Amino acid sequence: MSARPAADEAPIAIIGSGVSGLAAARELMHLGFDATVYESSNQIGGMADTQRDPDGFIFDTGAHFITNRFATAIGIAPLCRTVHRYGETVWSDGRAYDYPFGLMRNPRYLRGAINARIRSKRSVETAADQFRSEYGSEIADEVALPLLEQWSGLPADRLSPAVADKLPGGILATLALKLSARATNRAVAIGYCREAPQSANVWHVYPENGIATICAALTTELGDAVQTGNPVERVLTTDGRAVGVVVNGREIPAAAVISTLPVPHLAALTDEESLQPFRELRYRAMVFVNIMLRGCDVMPDTLTWTPGVEFPCFRISETTRSMPWLAPTGSTIITADFGATVGDSTWTEDDQVLEEMVLKALCAIVPSARRDFLGSRVLRSAFAYPIFDLAYEETRLALGRGTGIERLLSVGRNGEFAHILMEDSYWRTLRQVRALAAQLNESVQN
Amino acid sequence: MISSQRALETQPACCCICGTRDAEPVGVGEDFEYRTSPDSFLAVRCTRCGVVYLDPRPSMNELETIYPDDYHAFAFDEARFGIVYKARSRLEARRLLKALSGLPSDARILDVGCGDGFHLDLLRQSGPNGWRLEGVELDHRAATIARQRGISVHQGRIEDADLGQSRFDAVMLIQTIEHLADPMRALKAIQRLLVPGGLLLIVTDNTGSLDFAIAKRRHWGGYHWPRHWYLFNASSLKELATRSGFETVDISTMTSPVNWTYSVRNALDDWGAPRRLVDFFSLESPVALAAFTVFDAFNTLARRGALLRAVFARAQSTEEPLES
């Protein structure tokens, strides 16, 4: 490693000890910088949290996708197992269709999709336009848009078309990857990373002990640079440049500040005018109702989208179809995802009522669900997905160009306000951190 | 499956030319050949220099683990490799003598990373009698084998080796530079050891080759996971040498069946092919080696051969040796 020019600069302050914050700290350490990670809660991990049941069930908050490449980059590959298969289906008219190509077995959907392809493209201004022009009105109106609306909590004609990212590589590349998955008996990752290339050699893996393994591994290298129970109360700026943070009422100078907070929270920590518009950006909350059942492979596939009105949730996954080690042998975990707004009736609903709602709906897919029921556990995430509301589209796009404050980065899924999965978030964070490091080195040399 | 093997201790790496970590992921793989650890490894490419390197890579105190006792460079002998040994010996002797043809009859020549002394032995047998041949080898097991062959070997790193007062007329790095922790430091050390105008011959795996383009995501034989830490194409190798105080005499590509053979072998092994099929692709398999030699000869004609062969000369303009 090349030596850095001697600098008497203060450490870099990092806000949040989730995957992005810890990855940023580790990269800075590798680049020869001092960094301190401030975590408001008493445990590391942020959104990558794992809970264990005494009976041996492992619950992670929400769905996470990890590839062998990402696991290798952060040094946890030996702690992960290969995911041999992963698939998604759509439950419609009482049966499961493979997603996305299986939907084409329905002649109406096929006709609509073909028409959409050959029709001259109209201008696309909303997510509703985008889905209709990409997949045809039939699939859009009956499948995609109802899901999108439950998921985001807004009508699709009020959402940015940017929520509908296309499959990287297109249809032929996707088919080739699907074939390679079958040939290699590995769940080849398709559409889960845009920052690094897809290939037959990049597949899903998952930590044996759940998602918390990632942050635990990242932290071992960092030692006491991670300070839990230390919320950042203010971000200090001078002349449009971040210069420090306030923690426990104490001002701490910083060479730069890297925030992984939801961006409205970051904006609330400063007086900087230019950041204030970001306070209007909103996130969708999610309630995850985990149902423990006897049996295994009870759902049609790992993830089942449920656009029908008879389902109170928008998707139901059987994580253990892909990661069987997360439940004791002979049992499984079914997770129903509910879109919510913090404080609304879904968010505050009693756990037992949620459990009953899911069991009732689940019986349509798994008739024996009640008989095989073992218990449930409800988890909640207040910042599950950014909502791409057209009302603040300009502000969202402005954030994509940076915070506008020198030496202040807003990184990670919540910090970037982006629909990105863990690996993309990681590569993007590294890139931003390296650019910041180069900038700091340059200023020392000058 | 979670392995019971011990995971390696690793450390972060950076580009050996520009010193930054501005890199993008290229491939991910495992030690398909020796299975010395349960780890997988990531190869990244410097977005500035094009150097491909392992990040993270095994730390220095894992060398004994990742170079097991049966490692081929320690034990490439006629008894085990038969006709392949004979063919390779003849071919490599011819190549070496061609590269070193302008040297005086009493030239002092150093082979850095000489392994079991294979190349020095070839020069001793087929070069002028007056050539003074020496080797440097970090691994004590390989150094011992080379000494048993009657070759003078300095055990250690080139940067630290005590090689006496007189300088060398030529230094060879034959399939060595990719194993080094700091290639620029090694090249600068070599630069100081050479007489002005002295030659540096480098042979290394070529990331500009067709087999890299095809298999770079995982199975490329040239990764030799996790033992090859820095990998070059013609332009990045030239850049490294230039910055280390050398002038380029010639860079070309060279035919070799080894990486092709291992690329196929690694893929078959990774996909769980029958053992007999996997073992058909090995250094002990003359048929596979011959077929890929012919195939790679065509790639060499298109300047995309499996190996890079570069001859550099210590820059005449550099009066004073470079600082390390």
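1. Of the 324 residues in chain B, 59% are buried. The model is a predicted one, and the points below should be read in that light. The secondary structure of chain B consists of ten helices and 13 strands. Its C-alpha atoms occupy a box of roughly 55 × 45 × 40 Å along the principal axes. The radius of gyration of chain B is 19 Å, which agrees with the value near 20 Å that a compact globule of 324 residues would have.

2. Contacts in chain B are mostly long in sequence terms: of those between residues at least 6 apart, 76% join residues at least 24 apart. The exposed area of chain B is about 13,500 Å², and 52% of this comes from carbon and sulfur atoms. Chain B carries 37 positive and 41 negative charges, whose mean positions are 4 Å apart.

3. Chain A can be described under the same headings. It contains 14 helices and 20 strands. Its radius of gyration is 23 Å, close to the 22 Å given by the globule rule for 446 residues, so chain A is as compact as a globular protein of that length. The C-alpha trace of chain A spans about 65 × 55 × 45 Å along its principal axes. Buried residues account for 55% of the 446 residues in chain A.

4. For chain A, 70% of the contacts between residues at least 6 apart in sequence join residues at least 24 apart. Chain A exposes about 18,800 Å², with carbon and sulfur atoms supplying 51% of that area. There are 42 positive and 52 negative side chains in chain A, and the centres of these two sets lie 7 Å apart.

5. No disulfides turn up in a search of the whole structure: the count is zero over all chains. Cys215(A) is in no disulfide, and the nearest cysteine sulfur, that of Cys80(A), is 13 Å away. Cys215(A) is also buried, with a relative accessible area of 1%. In chain B, the sulfur of Cys49(B) has its closest cysteine sulfur in Cys18(B), at 3.7 Å. A disulfide needs the two sulfur atoms within 2.5 Å, so the 3.7 Å between Cys49(B) and Cys18(B) is too far for a bond. Cys49(B) is buried as well, at a relative accessible area of 15%.

6. Helix H5 of chain B covers residues 183–193, and nine of its eleven residues are buried, so this helix is largely enclosed by the rest of the structure. The buried set includes Pro183(B), Met184(B), Leu187(B), Ile190(B) and Leu193(B). Lys188(B) and Gln191(B) are also among the buried residues of H5(B).

7. Asp270(B) belongs to helix H8 of chain B, which runs over residues 258–270. This aspartate counts as buried, at 10% relative accessibility. Leaving aside residues up to four places away in sequence, Asp270(B) touches Phe32(B), Arg218(B) and His219(B), and also Arg186(A).

8. Gln11(B) lies in strand S1 of chain B, residues 10–11. It counts as partly exposed, at 27% relative accessibility. Beyond residues up to four places away in sequence, Gln11(B) touches Pro56(B), Arg57(B), Pro58(B), Ser59(B) and Met60(B). Between Gln11(B) and Asp296(B) there are 35 Å from C-alpha to C-alpha, with a separation of 285 residues in sequence.

9. Two cis peptide bonds deserve a check against the coordinates. In chain A, the bond from Tyr99(A) to Pro100(A) is cis, with omega near 0 degrees. Pro100(A) sits in the loop between strand S8 (95–99) and helix H3 (107–118) of chain A. In chain B, Trp225(B) and Pro226(B) are joined by a cis peptide bond with omega about -10 degrees. Pro226(B) is in the loop between helix H6 (210–215) and strand S11 (230–231) of chain B.

10. Some backbone phi angles also call for comment. Asn185(A) is not a glycine, yet its phi is positive, at about 60 degrees. It lies in the loop between helix H6 (170–184) and strand S9 (204–207) of chain A, and is partly exposed, with a relative accessible area of 46%. Arg303(B), likewise not a glycine, has a positive phi of about 60 degrees. Arg303(B) is in the loop between helix H10 (286–301) and strand S13 (307–314) of chain B. At 73% relative accessibility, Arg303(B) counts as exposed.

How values were computed
Residues numbered from 1 in each chain as written. Chains lettered and ligands numbered in written order. Predicted model: local features only at pLDDT ≥ 70, side-chain atom pairs only at ≥ 80, totals over all residues. Heavy atoms only, no water. Buried < 20%, exposed > 50% of the residue type's maximum accessible area, 1.4 Å probe, protein only. Helix = DSSP H or I, 4+ residues; strand = E, 2+ residues; numbered from the N terminus. Contact = heavy atoms within 4.5 Å. Rg over C-alpha atoms; globule rule 2.2 N^0.38 Å. Areas by Shrake-Rupley, 256 points an atom, 1.4 Å probe, with all protein chains shown as cover. Lys, Arg positive; Asp, Glu negative; His and termini not counted. Charge placed at Lys NZ, Arg CZ, Asp CG, Glu CD.
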